[in-house]
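Open the structure in your viewer and keep the selection tool handy. We will go from stop to stop, selecting one part at a time.

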Amino acid sequence: MNFLLETLRVLVMSLLYSLEAVARLLVPVRRKSVSGELVLVTGAGSGIGRLMALELARLGARLVLWDINEDGNNETARMIEEQLGARAHTYTCDCGDREEVYRTASQVKREVGDVTILINNAGIVTGRKFMDSPDSLIEKSMEVNSLAHFWMYKAFLPAMIAGNHGHLVSIASSAGLIGVNGLADYCASKFAAVGFAESMALELLAMGCDGVKTTIVCPFFINTGMFEGANTKFPRLMPILEPEYACRKIVDAVRRDQVYLYMPRSVYIAIALKNFLPTKLGVLLGEYLGAFNFMAKFKGHGKKST
């Protein structure tokens with residue numbers, strides 16, 4: 001009897017959720033306000049991190065900025081003050097260092113308060129063939145791109161759970177969904193970031209903490225300098241994204257409580273084909289689309305970025 005009732009419930013709810021999804025295509029969900037929220041952005045000293053900080057400050061959020069580059073971080077805070085008349089709290093921190101994360105997080109909670117929106121954005125790319133990558137850079141890629149997310153959640157998630165309010169944002173990568181030639185350690189770290197964010201989203205739902213939302217962002221290359229020299233064979237199909245466009249899409253996804261954001265839209269198609277096509281056909285199409293040569297002209301070895 002329980003089996004029949006559970007099956008009936010799944011069928012009914014599947015229909016309702018499908019109708020809801022169609023309805024949202026026609027009538028987009030209302031954007032939530034971030035005014036007054038305490039937002040922490042890692043990797044805020046340049047690139048997409050700086051742009052997100054500026055946009056969120058423009059929307060009335062209070063900003064806490066983390067970056068290993070103190071000068072860049074202070075410059076972002078200065079821009080927020082001069083352009084928007086708002087104050088941003090800056091902290092110099094290597095997000096890949098667990099003890100440094102915990103120490104800085106305690107300082108933030110003591111000096112500013114509990115973070116309600118956490119944007120894990122800091123990242124590093126080696127950009128070398130795996131056998132040519134120094135062990136130290138491989139380890140650093142894992143520490144900054146994935147393990148840092150663990151420590152940030154440990155530090156700031158308890159307060160969100162206690163209040164059943166907050167938002168966790170993982171700036172991952174399309175390289176966290178599909179392997180890329182020349183990016184083995186980066187892909188591994190971003191696959192880990194995506195898997196961690198997905199698992200934590202389910203963990204929160206299982207514990208009944210539905211007020212803490214999650215957004216996982218998987219963009220193609222963004223023109224911030226982090227992937228300088230990376231190229232695309234068909235820019236209309238897989239364009240190098242402009243930072244301002246990516247920033248607008250990410251902030252909008254957060255305000256809509258969108259769980260997944262892939263950019264450009266062709267990434268959705270690529271993921272579907274990866275899981276549907278025979279492996280050899282997938283490799284053939286990947287070669288045709290230039291996926292084997294994305295990093296052929298890469299220039300920025302070992303760059304820290306956002």
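A crossover counts as right-handed if, with the strands pointing away from the viewer, the path from the first strand over the helix to the second runs clockwise. Keep that in mind for the first stops, and remember as you look around that this is a predicted model.

**Stop 1: strand β7.** Select residues 212-219, which form strand β7. Of its 8 residues, 7 are buried, so β7 is largely enclosed by the rest of the structure.

**Stop 2: from β6 to β7.** Now add residues 166-171, strand β6. This strand runs parallel to β7, and 6 bridges join the two. To see where they line up, label V169 and look across to β7: T215 stands opposite. Next, show residues 184-206, helix α6, through which the chain crosses from β6 to β7. Which hand does this β-α-β crossover have? It is right-handed.

**Stop 3: from β7 to β8.** Select residues 260-263 to bring up strand β8, which pairs with β7 in the parallel sense over 4 bridges. Label I216 and find its bridge partner in β8, Y260. Then add helix α7, residues 243-255. Together, β7, α7 and β8 make a β-α-β unit that is left-handed.

**Stop 4: a residue in α6.** Go back to helix α6 and pick A188. Is A188 buried or exposed? With a relative accessible area of 38%, A188 is partly exposed, because that class lies between the cut-offs of 20% and 50%. For a sense of scale, draw a line from the C-alpha atom of A188 to that of R110: the two are 35 Å apart, with their positions 78 residues apart along the chain.

**Stop 5: helices α4 and α5.** Two packed helices are described by the angle between their axes and the distance between the axes. Select residues 98-111 for α4 and 135-163 for α5. Their axes lie 9 Å apart at an angle of about 25 degrees, so α4 and α5 are roughly parallel to each other. The crossing is right-handed. Show side chains where they meet: R98, V101 and Y102 are among the α4 residues there, and W151, M152 and F156 are among those from α5.

**Stop 6: helices α2 and α3.** Finish with residues 47-58, helix α2, and residues 70-84, helix α3. The axes come within 10 Å and cross at roughly 30 degrees, so these two helices are also roughly parallel to each other. Their crossing is right-handed. On the α2 side of the contact look for residues including R50 and L54, and on the α3 side for residues including E75 and M79.

Notes:
Residues numbered from 1 in each chain as written. Predicted model: local features only at pLDDT ≥ 70, side-chain atom pairs only at ≥ 80, totals over all residues. Heavy atoms only, no water. Buried < 20%, exposed > 50% of the residue type's maximum accessible area, 1.4 Å probe, protein only. Pairing = 2+ DSSP bridges. Axes fitted to C-alpha atoms, helices over the stretch in contact; angles between N-to-C directions. Parallel < 35°, antiparallel > 145°, perpendicular 65-115°, else oblique. Left-handed = near helix turned anticlockwise from the far one by under 90°. Contact = heavy atoms within 4.5 Å.
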